[in-house]
Amino acid sequence: MAFEPPQRLVRALGESAPDGDDWVERLPEIAGQAVALRELTVERVQVPGGRSSLVVLVRRADGTPAVLKLAPARARPESERAALAHWDGRGAVQLLEPFVAEGVLLLERLHPDVSVRSLPEAKALLEAAGALRRLWVEPPGDHVFETVAERTGRQAAVMRGASAEVAGLVSAALDARESLLAAPPEERLLHGTFRQSKVLSGVRSPWLAVGPDPVVGECAFDLARLVRDRVEDLIASPSGAATTRRRIKRLAESLEVDQERLRGWTLFRAVESGVRALRVGRPKDAELLLEFAGWL
């Protein structure tokens with residue numbers, strides 16, 4: 001079959017590497033080789049799919065359903081592989097292939113179209129938070145994962161070049177980062193890009209996390225991305241600011257995370273995402289994110 005990359009993936013990769021590379025052009029060949037090597041039967045490409053990888057629903061030679069995931073090097077697929085191997089199915093999708101194949105992951109098949117985002121908001125937050133808690137484990141002693149300080153350092157360097165119109169929010173976000181990094185309360189292996197759509201319905205467990213961009217640091221950093229889930233609904237609500245404050249309090253208490261640290265990382269991550277959206281030409285997304293950040 002033709003492994004046509006979904007437009008969502010093409011657009012996102014264009015944003016993350018505007019100068020481009022040839023990974024998308026080579027994708028049909030890469031996918032074809034990965035399928036042939038593993039003797040897989042292809043069912044379909046998952047659409048709209050993710051923003052950093054091609055996800056293909058397949059069956060193994062014995063008929064077992066699985067997922068073949070292909071990602072370019074800049075999406076750090078080997079870091080994802082290492083995290084999934086360390087979790088070994090506890091709270092996350094199971095890695096099915098022990099040997100290393102560059103940029104290729106063979107994964108347990110979950111229900112790709114059923115995430116916790118399909119649940120009512122309160123229930124979705126509860127289930128997502130429960131799934132996230134299971135991932136917060138001690139990192140391997142010899143790990144090579146990026147740290148929160150390293151990742152946010154790269155992001156902060158870019159944020160400093162933002163336009164004057166968002167200078168106030170950027171300054172507040174950078175100040176919050178500096179304060180938070182001064183005395184982190186714990187060091188855990190984190191999902192790194194956790195949100196409701198990253199938690200899918202499974203067979204061996206009701207909900208399992210997928211698609212990590214793992215990082216090592218404090219738990220509040222991971223939880224911060226969940227705070228702004230469904231941000232478009234929060235912005236549209238006349239009580240959005242109050243709802244956000246209640247959400248921070250509820251999530252912090254339920255996962256035993258310091259409320260002020262969660263607020264600080266939520267501010268940093270929202271501003272960073274908003275500045276990035278401005279930079280790549282998504283002004284509507286930027287407006288939502290920066291208005292949300294202003295409530296914090």
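Biologist: How much space lies in the second largest pocket?

Modeller: About 210 Å³ in this predicted model.

Biologist: Which residues line the second largest pocket?

Modeller: Trp23, Arg26, Ile30, Ala71, Pro72, Ala73, Arg76, Pro77, Glu78, Glu102, Gly103 and Val104. Helix H2 (23-38) and helix H3 (77-87) each supply at least two residues of that lining, and H2 gives the most, with 3 residues.

Biologist: What makes up the lining of the second largest pocket by class?

Modeller: There are 7 nonpolar, 1 polar and 4 charged residues. Gly103 is part of this lining, and glycine counts as polar by the classes used.

Biologist: Let's move to helix H9. How do you know that the span of H9 agrees with its number of residues?

Modeller: H9 covers residues 240-254, which is 15 residues. At 1.5 Å a residue, counted for one less than the number of residues, the expected span is 21 Å, and the end C-alpha atoms are 21 Å apart, so the two agree.

Biologist: Which residues of H9 are buried, and why say that they line one face of the helix?

Modeller: Gly240, Ala241, Thr244, Arg247, Ile248, Leu251 and Ala252 are buried. Seen down the axis of H9, the buried residues fall within an arc of 120°, so they line one face.

Biologist: What covers those buried residues of H9?

Modeller: The cover includes helix H4 (121-135), helix H7 (219-227), helix H8 (231-236), H10 and helix H11 (283-294).

Biologist: Now the loops. Where does Glu256 lie, and why is it called exposed?

Modeller: Glu256 lies in the loop between H9 and H10. Exposed means over 50% relative accessible area; Glu256 has 71%, so it counts as exposed. Glu256 also has a positive phi of about 55°, although it is not a glycine.

Biologist: And Arg230, in the loop between H7 and H8: why is Arg230 called buried?

Modeller: The cut-off for buried is under 20% relative accessible area. Arg230 has 12%, so it counts as buried. Phi of Arg230 is near 60°, a positive value in a residue other than glycine.

Biologist: One last residue, Glu272 in helix H10 (residues 259-279). What makes Glu272 count as buried?

Modeller: Glu272 has 10% relative accessibility, and buried means under 20%, so Glu272 counts as buried.

Biologist: Which residues is Glu272 in contact with, leaving aside its neighbours within four places in sequence?

Modeller: Glu272 is in contact with Gln155 and Met159.

Technical notes. Residues numbered from 1 in each chain as written. Predicted model: local features only at pLDDT ≥ 70, side-chain atom pairs only at ≥ 80, totals over all residues. Heavy atoms only, no water. Helix = DSSP H or I, 4+ residues; strand = E, 2+ residues; numbered from the N terminus. Buried < 20%, exposed > 50% of the residue type's maximum accessible area, 1.4 Å probe, protein only. Contact = heavy atoms within 4.5 Å. Arc of directions from axis to C-beta. 1 Å grid on protein atoms, 1.4 Å probe; cavity = no way out; pocket = protein on both sides within 12 Å on 5 of 7 lines; lining within 4 Å. Points joined across faces, edges and corners; volume = space filled by probe spheres on them.
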